[in-house]
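I opened this entry to record what I looked up, going from the whole chain down to single residues.

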Amino acid sequence: MIKQLYRIFLHLSILNQSHLHIARIKQLTEYIGMEWLIWWYQRNLILFSNLESLATSADDRILFIVGSGHVEILHNFLEESGLFEIESALQYL
């Protein structure tokens, strides 16, 4: 489990290297950047959890539209969960 979590976090950190810079924002011992990142990841986990709750059967098809800042991390959550088959909406537009 720890090895899998490490792999996920390593992948996320590579995709979101700017988040490492945000994490460094602090004032003495007040880690402002980290607090924001905690909120950001929590927000994305809430979105993932809500999406997971919408799928009631394997045949469900869900169009999930989010801002570009959420795409990479949510894609990783969806892919790593193994609960969803991810398909680009571009072919339908």
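**Overall fold.** I counted helices and strands to begin with: the protein chain has four helices and zero strands. Reading along the sequence, I noted the pattern α-α-α-α. I am working from a predicted model.

I then looked up burial. Of the 93 residues in the protein chain, 18% are buried. For the accessible surface I have about 7,600 Å², and carbon and sulfur atoms account for 61% of it.

I also checked the range of the contacts. I took those between residues at least 6 apart in sequence, and 56% of them join residues at least 24 apart.

**Helix α4.** I turned to residues 68-81, which form helix α4 with 14 residues. From the first C-alpha to the last, helix α4 reaches 20 Å. That is close to the 20 Å expected at 1.5 Å a residue.

Where is the kink in α4 centred? I found it at Leu-74, with an angle of about 25°. Leu-74 is also on my list of buried residues of α4, together with His-70, Ile-73, Asn-76, Phe-77 and Leu-78.

I looked past the end of the helix as well. Gly-82 follows α4, and its phi is positive, near 70°.

**Asn-44.** I placed Asn-44 in helix α3. Is Asn-44 buried or exposed? Its relative accessible area is 0%, so I logged Asn-44 as buried, the cut-off being under 20%.

Next I asked what Asn-44 is in contact with, leaving aside neighbours within four places in sequence. I wrote down His-70, Ile-73, Leu-74 and Phe-77. I had already met these four names among the buried residues of α4.

**Glu-35.** I stayed in helix α3, residues 32-54, for Glu-35. I logged Glu-35 as partly exposed because its relative accessibility is 48%, and exposed would need over 50%.

I checked one distance here. Glu-35 and Ile-25 are ten residues apart in sequence. In space I have them 9.7 Å apart, C-alpha to C-alpha.

**Largest pocket.** I looked up the volume of the largest pocket and got about 940 Å³. The lining has 26 residues, and those closest to the centre are Ile-62, Phe-64, Glu-85, Ile-86 and Glu-87.

Which element gives the most to this lining? I noted α4, with four residues. I closed the entry on that helix, having already marked its kink at Leu-74.

Methods
Residues numbered from 1 in each chain as written. Predicted model: local features only at pLDDT ≥ 70, side-chain atom pairs only at ≥ 80, totals over all residues. Heavy atoms only, no water. Helix = DSSP H or I, 4+ residues; strand = E, 2+ residues; numbered from the N terminus. Buried < 20%, exposed > 50% of the residue type's maximum accessible area, 1.4 Å probe, protein only. Contact = heavy atoms within 4.5 Å. Expected span 1.5 Å × (residues − 1). Bend = angle between axes of the 7 residues up to and from the residue. Areas by Shrake-Rupley, 256 points an atom, 1.4 Å probe, with all protein chains shown as cover. 1 Å grid on protein atoms, 1.4 Å probe; cavity = no way out; pocket = protein on both sides within 12 Å on 5 of 7 lines; lining within 4 Å. Points joined across faces, edges and corners; volume = space filled by probe spheres on them.
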